[in-house]
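Welcome, and please load the model in your viewer. We will go from stop to stop, with something to select at each one.

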Amino acid sequence: MSTGGGNKAIIAALSANVGIALAKFVGFLLSGASSMLAEAVHSLADSGNQVLLLIGGKKSRRKATAEHPFGFGRERYVYAFMVSIVLFSVGGVFAIYEGVHKLQHPEAVEKAWLPITILLISIALEGYSLRTALHESAEHRRGISIAQFIRRAKAPELPVVLLEDMAALIGLVLAFLGVVVAVITGNGVWDGVGTVAIGVLLVLVALILGVEVKSLLVGEGASPADTEAIVTAAVAGEDIEKIIHMKTLYLGPDELMVGMKVAVAATDSARDVANAIDALERRVRAAVPIARVIYIEPDVYDPTRADSAPLPTET
């Protein structure tokens with residue numbers, strides 16, 4: 001998944017959220033609806049999150065240095081994890097706090113037409129933002145559900161925007177229902193109920209996002225499909241006998257490191273081994289282009305040695 005594709009969805013979400021946040025703050029000041037305040041803070045937090053994603057994308061493109069020889073690809077994971085923290089603390093916890101306060105001290109919603117109008121417009125704008133994110137991620141979601149895409153994606157931008165947009169849309173519906181019921185019943189408690197529901201929603205989304213990004217930060221290997229493609233490409237030639245063992249690691253969303261020990265014939269010369277390794281690398285990169293960092297150790301296969309154990313996929 002390219003950064004450029006993710007950036008389009010991020011910018012669309014940022015543009016929508018900045019305008020929505022301002023409108024919601026105005027709506028809160030004039031109506032006193034706590035769900036409007038919770039949604040305003042939510043949109044403000046989302047705007048900050050999108051800025052963090054853009055910063056992370058820019059920093060990740062820095063050239064490798066002596067101190068960071070594998071580059072800065074994981075910067076995108078770090079900033080995505082920061083997004084989950086902001087969403088949890090600024091968005092979720094604040095909304096729950098404000099909602100509980102409203103439940104303890106309920107107030108009637110004034111000028112009900114204003115928050116209702118703002119919420120309806122916000123729903124339309126967030127729907128457009130979500131539509132953009134779905135369109136940008138469509139190519140990467142072929143054959144899998146949105147939940148599976150969020151779980152499997154190695155580039156964090158589009159999954160984060162998708163989660164935020166879906167949470168924002170659901171939150172707006174909750175806020176709308178809270179305000180409408182509060183106006184119909186004349187009981188401001190329902191406004192507080194809607195606000196607490198928004199907070200719980202944001203906390204759950206932040207936890208899901210945090211767990212998924214944490215897995216990427218710790219270090220994930222290649223997907224089963226890419227692993228199979230690498231193995232198939234590696235043993236496609238006659239220059240090696242087999243793969244003794246192999247490990248993979250994502251250095252960033254668009255860069256995979258592959259390390260493997262391969263068996264070569266005991267009678268091969270050093271030149272033969274070098275040529276075999278070069279050919280193997282070309283085959284692997286052709287099969288899985290993101291496998292940009294490849295380390296290959298030649299060895300003579302001996303099934304009695306512990307380090308000559310078969311691959312986990314072998315039987």
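Leaving aside its neighbours within four places in sequence, which residues is Glu-220 in contact with? Select Glu-220 and look around: the contacts are Arg-151, Lys-154, Ser-215, Thr-248, Leu-249 and Tyr-250, where contact means heavy atoms within 4.5 Å.

Before moving on, note that this is a predicted model, in which local features need pLDDT of at least 70 and side-chain atom pairs count only at pLDDT 80 or more, while totals for chains, interfaces and linings use all residues. Residues are numbered from 1 along each chain as its sequence is written, and side-chain values use heavy atoms, with hydrogens and water left out.

**Stop 1: Glu-220**

Keep Glu-220 selected. Its place is in the loop between helix 7 (189–218) and helix 8 (224–234); helices (H or I, at least four residues) and strands (E, at least two) are DSSP runs, numbered from the N terminus. Glu-220 has a relative accessible area of 11%, so it counts as buried (buried is under 20% relative accessible area, exposed over 50%, partly exposed in between, with a 1.4 Å probe and protein chains only). Now add Phe-81, which is 139 residues away along the chain; the two C-alpha atoms are separated by 15 Å.

**Stop 2: the strands**

Next, select strand 1 (residues 242–252) and strand 2, the latter covering residues 255–263. They run antiparallel and are joined by nine bridges; two strands pair if DSSP finds at least two bridges between them. A hairpin connects strand 1 to strand 2 through two residues. For one facing pair, pick His-245, which stands opposite Lys-261 in strand 2.

On strand 2, seven of the nine residues are buried. Add strand 3 (residues 293–299): this one runs parallel to strand 2, with seven bridges between them. Gly-259 has Tyr-295 in strand 3 as its bridge partner. Bring in helix 9 (residues 270–287) as well, and you have a right-handed β-α-β unit made of strand 2, helix 9 and strand 3. Right-handed here means that, with the strands pointing away from the viewer, the path from the first strand over the helix to the second runs clockwise.

**Stop 3: Asn-17**

Is Asn-17 buried or exposed? Select it in helix 1 (residues 3–31): Asn-17 is buried, with a relative accessible area of 0%. Not counting residues up to four places away in sequence, Asn-17 touches Ser-43, Asp-46, Ser-47, Gln-50 and Glu-126. Measure in your viewer from Asn-17 to Ala-45, 28 residues apart in sequence, and you should find 9.0 Å from C-alpha to C-alpha.

**Stop 4: Pro-69**

Finally, go to Pro-69, in the loop between helix 2 (34–60) and helix 3 (75–104). Pro-69 is exposed, with a relative accessible area of 55%. Select Ile-20 too: Pro-69 and Ile-20 are 49 residues apart in sequence, and their C-alpha atoms are 42 Å apart in space.
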